[in-house]
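This report covers selected features of a predicted model. Ring and charge contacts come first, followed by a helix, a sheet and the cysteines.

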Amino acid sequence: MGALHEHGDRPVAVTAAGIGKHYDLGELENLRRTLRKLTRRDTARPPGLEALSDVDFTIWRGEAVAFLGTNGSGKSTLLQLLTGTTLPTRGVMQVHGRVLPLLAVGLGFHPELTGHENVLLFASSLGIDRATIEARMDDVTAFAELDRHMDTPVKRYSSGMVSRLSFAIAVQFPADIYIFDEVLAVVDGEFQERCLAEIKRLHAGGRTVIFVSHHHHQVIDVCERALWLDRGRLVAEGPAGEVTAAYEQALHASAA
Amino acid sequence: MTQGYSTTSATETSTTPAFAPLVDPTVRTATPAKRRLRVRDVLTQGPIISVLASRDFKVKYKQSLLGPVWLVFQPVALLVAFLVAFRGLGKVATSGVPYVVFTLVGLSAWTFFQASMTIGSSSLLTNATFVRYTPCPRSAFPIAGVIASLPAFVVTALAAVVGAAVTGVLSVRVLLLPFGLLWLLILTLGAVGIAASLAVRYRDVIQALPFLLSVGVFFAPIGYSLAGLSPFMRTVVELNPITGIIEAWRWMLVASYRPSMTAVTVSLVVTVVVAIIGWRVFSGREPTMADVI
């Protein structure tokens, strides 16, 4: 932190400088490849993909920011870097504080464990201490509307119940940066509204929110600012309404 | 590169909410590093390791009529099998150790190693969604797999100690047993670290391990003693690092027991080497695990 990163009176939540991410394409290992390596006929690097190149941005603490882009634009890779599950191939990214990611619904739930046990497991995996978890358990249960089901193994939950529990964890625990990756699409209207309201409440409380959605009215509703990714490059950033409009226009232009 | 739009303007600042103080003051820096895990990171993972270990332990007995009774039943059944197999073939020279105690010591060390390897080496694969999508520290999964195998071990090891006490052969060296357990833990964690991190990229590990473990049991002096082997077979068995641990534990437990110093030395050296390699392989592969799993 320090004076360099100040923006008005706001400290930064995330800085990214020159971020690049390379992936190898194709099957990583198979017998044919092993044989070719042994007979030294395969010295070339496998074909690769630059999922991200030269991405620079800053997210200020307390901001709600959206990432826009089509499938394959690098959004998910960027969210994985923010979450810390992978490292960039080039560049430096700094993330301040605890990240609470909801990259897909029901991830990391163990089917044999009960709802209560799964909440404990998932929240612990984020580094939240036991006392805080138990203190928030009633709020999680209430938000997910699962009060009679928390002692039932998750394998007997309906998919709606699993998504509600996922969301409850993602919005009811204390964190500095909340990440939502196209997850609102899987829940029904009424619960979706409650989730949106909860995300806006987190933002109003001064938490940083990073939001990905193909429903642009939600993006404009939740976020102040949007960053537009195209084939791994950041092509535009600015107020959510303007960038979303420009992005939609580009989508229509390419479709026409 | 950014183009076309400026960032936030001054008028917007008044409408945006204030920022909240950090819940967690840590700053994480991500660069193209070859290695990012430090030993002290692992030392702070106690809470998540204990939650994962209790999950791994609980899941074993879910939807089971007998539940934790299996903890006792399995070693008893194994012991009976060993008694029938080896005792039935002839007298085993145990240098004064009651045969049941002799076998229980071997069984406790081996079954712990086997169970830990089985759960631990596949732990990153069974938790692949955590590895790919959550900031959960990866080292917690194999460690939890090893810890989850401890309760079954304690049952067998206690039976061995009680057996030695009841038959009056118990040595005061039993006080050294915690160090004996630490020794086995370090060897096991090192081996699990290697297997688990290689399995993320090379599924061959998952194919090879059950085979290696089921063959390995014949090359550990669990039901037979080193004294009864031909010189060649004795050397082969002494090279198994578990052999030295079993020998040392018998020495700790039984006053009259004389362990094979070759086996003990081999095992100590192998333990140190495996622990170092295990740490290096694991921490070196940890940054790319989400990319190649």
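## Charges over rings

Lys21(A) lies over the face of Tyr23(A), with 5.3 Å to the ring centre. In chain B, the ring of Phe102(B) has the charged end of Arg250(B) over it, 3.4 Å from its centre. Phe102(B) itself is buried, at 0% relative accessibility.

## Aromatic pairs

Over all chains, the model has 15 aromatic pairs. One of them joins Tyr99(B) and Phe102(B), and this pair is stacked. The two residues are three apart in helix 5 (residues 99-121) of chain B, which separates them by about one helical turn. An α-helix has 3.6 residues a turn, so residues three or four places apart point the same way. Tyr99(B), like its ring partner, is a buried residue; its relative accessible area is 5%.

A further pair in helix 5 of chain B is formed by Trp110(B) and Phe113(B), again three residues apart and about one turn of the helix. Both of these residues are buried. Their planes stand at 45°, so the pair is tilted; planes under 30 degrees apart would count as stacked and over 60 as edge-to-face.

| Ring pair | Centre to centre | Angle between planes | Class |
|---|---|---|---|
| Tyr99(B) and Phe102(B) | 6.2 Å | 20° | stacked |
| Trp110(B) and Phe113(B) | 5.9 Å | 45° | tilted |

Ring pairs also build a cluster with members from chains A and B: Phe109(A), Phe122(A), Phe130(B) and Phe141(B). Of these, Phe122(A) belongs to helix 3 of chain A and is buried there.

## Helix 3 of chain A

How many of the eleven residues of helix 3 of chain A are buried? The count is ten for this helix, which spans residues 115-125, so it is largely enclosed by the rest of the structure. The buried residues are Gly115(A), Glu117(A), Asn118(A), Val119(A), Leu120(A), Leu121(A), Phe122(A), Ala123(A), Ser124(A) and Ser125(A).

What covers these buried residues? From chain A, the cover includes strand 5 (99-102), helix 4 (130-144) and helix 5 (159-172). Chain B contributes as well, with helix 3 (46-60) and helix 7 (128-133) among the covering elements. After helix 3 of chain A comes Gly127(A), which has a positive phi near 95°.

## The sheet in chain A

Chain A has an open sheet of six strands in the order 5-6-7-3-8-9, and the pairing is mixed. Strand 5 and strand 9 (233-239) stand at the edges with a single partner strand each, so one side of each has no neighbour in the sheet. Neighbouring strands are turned against each other by 15° on average, direction ignored.

Within this sheet, strand 3 (residues 64-68) and strand 8 (residues 225-230) of chain A pair in the parallel sense over four bridges. Val65(A) has Arg225(A) in strand 8 of chain A as its bridge partner. Helix 5 of chain A packs on the sheet and touches strand 5 and strand 6 (177-181) of chain A. The direction of helix 5 of chain A makes about 160° with that of strand 5 of chain A. Strand 5 and helix 5 of chain A are also among the elements that cover helix 3 of chain A.

## Cysteines

Zero disulfides are present over all chains. Cys195(A) is in no disulfide, and the nearest cysteine sulfur, which belongs to Cys223(A), is 15 Å away. Cys195(A) is buried, at a relative accessible area of 0%. In chain B, Cys136(B) is also buried, at 2% relative accessibility.

Terms used
Residues are numbered from 1 along each chain as its sequence is written. Chains are lettered from A and ligands numbered from 1 in the order in which they are written. This is a predicted model: local features need pLDDT of at least 70, side-chain atom pairs count only at pLDDT 80 or more; totals for chains, interfaces and linings use all residues. Side-chain values use heavy atoms; hydrogens and water are left out. Buried means under 20% relative accessible area, exposed over 50%, partly exposed in between (1.4 Å probe, protein chains only). Contact means heavy atoms within 4.5 Å. Two strands pair if DSSP finds at least two bridges between them. Axes are lines fitted to C-alpha atoms, for helices over the stretch in contact, and angles run from 0 to 180 degrees between N-to-C directions. Rings of Phe, Tyr and Trp (its six-membered ring) pair if their centres lie within 6.5 Å; planes under 30 degrees apart count as stacked, over 60 as edge-to-face and the rest as tilted. A charge sits over a ring if NZ of Lys or CZ of Arg is within 6 Å of the ring centre and within 35 degrees of the ring normal. A disulfide is a pair of cysteine sulfur atoms within 2.5 Å.
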